[in-house]
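Visitor: Could you show me the structure and then explain how the words used to describe it are justified?

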There are 2 protein chains.
Amino acid sequence: MADDSDISAPEAPVRRVRNIAELAGIAGVSAGTVSRALADKPMVNARTRDRIQALARKHGFQVNQMASKLRRQKTGVIAVVIPLGHDRRQHISDPFFMTLLGVLADELTERGYDVMLSRAIPQEDANWLDRVVNSGMVDGVLMIGQSDQFDAIEDVARSYKPLVVWGSNRAGQAHCSVGTDNFLGGRMAAEYLLGKGLRSLVFLGDTTGIEIDERYRGAQAAVEDFGQGARLQHMPIHLSIEEMTDEIGVAMTSLDGNIEGAVCASDAIAMATIRQLHELGIRVPADMAVIGFDDLPLARHSVPQLTTIRQNIGGGAAQMVKRLMTKIEGGDADALVMPPELVVRASA
Amino acid sequence: MADDSDISAPEAPVRRVRNIAELAGIAGVSAGTVSRALADKPMVNARTRDRIQALARKHGFQVNQMASKLRRQKTGVIAVVIPLGHDRRQHISDPFFMTLLGVLADELTERGYDVMLSRAIPQEDANWLDRVVNSGMVDGVLMIGQSDQFDAIEDVARSYKPLVVWGSNRAGQAHCSVGTDNFLGGRMAAEYLLGKGLRSLVFLGDTTGIEIDERYRGAQAAVEDFGQGARLQHMPIHLSIEEMTDEIGVAMTSLDGNIEGAVCASDAIAMATIRQLHELGIRVPADMAVIGFDDLPLARHSVPQLTTIRQNIGGGAAQMVKRLMTKIEGGDADALVMPPELVVRASA
DNA sequence: AGCCATTCTACAATCGATTGCAATGTAGTG
DNA sequence: CACTACATTGCAATCGATTGTAGAATGGCT
């Protein structure tokens with residue numbers, strides 16, 4: 001009977017309700033009751049609850065998350081941060097970032113969390129991580145890659161629990177990481193090429209970031225162990241697509257002797273390489289074998305399809321989120337090092 | 001002299017300060033002064049300001065964003081939402097989404113905004129958009145694609161100003177959109193193939209979403225206008241990479257007669273198509289021409305490189321953000337329809 | 001009717017930062 | 001010395017929702 005819309009026209013423009021107090025006024029109850037009703041607390045009478053919820057719908061009312069989160073000291077937001085440490089021109093749209101981000105976002109939204117995206121540039125902002133962590137905006141932090149910020153991450157991780165990082169695991173490190181055994185992956189890639197009888201190899205990738213450095217050292221180890229005159233040259237290739245393409249072109253023409261196989265630090269590099277070789281009239285894999293790293297969805301879309309070292313991105317993302325959840329709940333979680341897997345397709 | 005760290009060990013563990021009041025206590029001033037000092041307000045004495053800022057740094061103090069945002073009624077957060085209306089299995093990691101998201105994120109972080117990522121599934125949640133808009137969590141909303149939610153978007157846009165959508169523009173629509181002339185793009189793609197003497201074409205893409213539907217209708221118009229026995233078949237292909245691949249395989253073998261050219265609704269579809277054709281021993285472009293849509297970065301990485309209809313994603317993203325900013329400041333912004341551009345590479 | 005147990009609801013404190021206004025202090029001037 | 005002007009700082013209200021607790025209302029029972 002206090003419901004005015006029954007009297008006025010059915011399509012009457014309902015006044016926009018901005019806060020709980022107003023809605024409480026309309027419903028003739030107190031703000032506390034409205035809050036409990038909207039939260040489906042059992043304490044409030046079922047009839048009042050339904051009435052209030054209907055009223056809220058009718059007036060298009062949504063509780064103000066800012067206020068709610070402040071009061072409850074819980075935000076329901078997870079930050080996904082991408083440190084662009086060693087290669088600041090690397091774009092956030094890097095295909096590996098994007099792929100992992102996509103899977104993480106799916107996983108998190110499914111659990112009712114919102115995702116906040118942060119791009120961090122350590123050179124410009126020394127306590128980049130602190131800023132995210134202590135902003136009071138997020139319940140936890142997922143990080144994609146360690147870049148060259150291992151120590152900075154360690155610092156924060158010692159006092160901040162809900163943090164999980166995609167990347168390498170060094171013995172005794174404080175932060176919880178989920179990632180692939182990069183050294184083994186690099187080794188597998190090189191061994192595969194060596195096993196095919198190729199002796200003159202090149203590693204394409206910039207080794208400032210620790211993950212790629214480990215891949216390189218793995219490949220090196222494989223070549224050294226193999227002996228028999230096998231050798232591995234090294235060309236640092238940046239990760240931004242624009243730079244990458246030219247650098248690879250230069251690399252291909254400036255290398256020593258006749259290269260038979262390329263171990264690439266990522267699928268993106270591998271694809272750019274294949275394309276450059278194609279333009280130089282060098283056939284893959286007949287004239288040169290190319291092996292990638294990551295096994296991104298697009299690895300299957302190249303021609304020839306990419307032979308690559310697979311990281312289990314989907315499984316890894318799920319594990320990152322799972323570990324983060326237990327950490328948010330106060331538990332502890334250990335690091336996860338997943339075995340890489342050789343995926344033989346057509347490029348090597 | 002009140003500074004205890006000068007007396008105790010240099011690496012003394014400093015107590016973690018959680019709020020302004022605590023820091024104010026340490027500094028011997030009031031909370032208000034601390035707030036002003038940290039915000040660099042000119043009102044506070046330079047010496048006190050520096051002292052307080054130093055203290056804040058030392059104790060690793062960051063103002064609580066939740067509280068700050070609540071008080072200031074401004075969040076500094078922009079939501080980027082992706083409606084998965086017609087194709088819920090479409091993954092958030094779709095390459096077009098990811099590419100646009102990447103550019104948007106770069107653009108927004110540069111302006112000091114944080115980015116909140118939302119995946120919306122209209123079937124499961126009728127007022128998905130309302131929820132984002134009225135959560136009090138964001139200052140504005142950017143939407144990637146309209147999917148089949150044109151009306152829902154219109155509804156919200158009528159009362160909610162700071163909303164900009166990537167997608168099509170229909171005469172008289174209420175929401176501000178930035179996008180490509182999809183009809184013209186589809187037409188250009190088909191005309192290009194027709195101009196090469198190809199007569200039997202197929203359009204690959206599901207037309208439930210309005211953008212792709214317009215591309216299809218553009219291609220149709222081109223074929224009809226051309227006459228001379230040219231014809232266009234249609235195969236709906238879903239957008240998730242997993243489904244796509246099989247569907248294309250089926251499509252290629254079940255189509256009527258000898259297809260000479262494929263107009264693809266996206267680069268992702270085009271690349272999957274090229275690969276499938278490669279496996280069937282059909283050469284591109286010698287046996288069949290394939291033209292994509294989008295010109296994603298990866299279009300240059302396929303072999304052969306993709307001929308495609310270019311959408312100006314970078315420019316469009318910049319325009320979306322610019323329009324959103326003027327809308328946030330209370331201004332008005334009109335829609336932008338960008339001309340597509342034919343990029344001829346090697347696949348057609 | 002009277003009493004107890006049970007359910008609901010209202011009140012008020014709280015989360016942490018911001019900001020208008022009042023109050024204090026200091027310097028400058030006649 | 002008195003008084004004004006200005007620079008700083010403190011006080012307290014406020015943003016909007018949540019929640020412990022006290023008290024009111026209801027129902028059942030003797």
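Guide: What follows is a conversation about the terms used for this model and the values behind them.

Guide: This is a predicted model, in which local features need pLDDT of at least 70, side-chain atom pairs count only at pLDDT 80 or more, and totals for chains, interfaces and linings use all residues. Residues are numbered from 1 along each chain as its sequence is written, while chains are lettered from A and ligands numbered from 1 in the order in which they are written.

Visitor: What is the average pLDDT of chain A, and which residues are below 50?

Guide: The pLDDT is the predictor's confidence in each residue, from 0 to 100, and for chain A the average is 87, with 92% of the residues scoring at least 70. Residues 1-12 of chain A have a pLDDT below 50, and beyond near neighbours in sequence this stretch has three contacts in the model, a contact being two residues whose C-beta atoms, placed from the backbone, lie within 7 Å.

Visitor: How do you know what relation holds between chain A and chain B?

Guide: Two copies of a chain are related by a rotation about an axis and a shift along it. Here the copies are superposed by least squares on the C-alpha atoms of residues with pLDDT of at least 70 in both, and a rotation of 180° with 0.0 Å of shift along its axis brings chain A onto chain B with an RMSD of 0.1 Å. That is the relation of a two-fold axis. In chain A, the residue closest to this rotation axis is A:Met116, with its C-alpha at 2.2 Å.

Visitor: Which residues of the two chains are in contact, and how many?

Guide: On chain A there are 42 residues in contact with 42 residues of chain B. Helix H5 (95-110) of chain A is among the elements that supply at least two residues to this side, and H5(A) gives the largest share, seven residues. Helices and strands here are DSSP runs numbered from the N terminus, a helix (H or I) having at least four residues and a strand (E) at least two. The same surface serves both copies, as 100% of the contact residues of chain A recur in chain B.

Visitor: What makes E2(A) and E2(B) a pair of strands?

Guide: Two strands pair if DSSP finds at least two bridges between them. E2(A) and strand E2 (residues 114-120) of chain B have three bridges and run in the antiparallel sense, so they meet that definition. A:Val115 stands opposite B:Leu117, and A:Leu117 has B:Val115 as its bridge partner. E2(B) is also joined to strand E1 (residues 77-83) of chain B by seven bridges, in the parallel sense.

Visitor: Why is E2(B) called largely enclosed?

Guide: A residue is buried if 20 or more other C-beta atoms lie within 10 Å of its own, exposed if 12 or fewer, and partly exposed in between, with C-beta atoms placed from the backbone. Seven of the seven residues of E2(B) are buried, so the strand is largely enclosed by the rest of the structure. In a regular strand the side chains alternate between the two faces of the sheet. Both faces of E2(B) are covered, with B:Asp114, B:Met116, B:Ser118 and B:Ala120 buried on one side and B:Val115, B:Leu117 and B:Arg119 buried on the other.

Visitor: How do you know whether B:Gln73 and B:Asp295 are buried or exposed?

Guide: B:Gln73, in the loop between H4 and E1 of chain B, has 10 other C-beta atoms within 10 Å and is therefore exposed. B:Asp295, in the loop between E9 and strand E10 (307-310) of chain B, has 23 such atoms within 10 Å and is therefore buried.

Visitor: What is notable about the backbone at these residues, and where is there a cis peptide bond?

Guide: Most residues other than glycine have a negative phi, and most peptide bonds are trans. B:Gln73 has a positive phi of about 55° although it is not a glycine, and B:Asp295 likewise has a positive phi, of about 60°. A cis peptide bond joins A:Val284 and A:Pro285, with omega about 5°, and A:Pro285 lies in the loop between H11 and E9 of chain A.

Visitor: What makes a residue count as near DNA strand C, and which come nearest?

Guide: A residue is near a strand if its C-beta atom, placed from the backbone, lies within 6 Å of it. There are 29 residues around DNA strand C, and A:Gly32, B:Asn19, B:Ile20, B:Gly32 and B:Ala67 come nearest.
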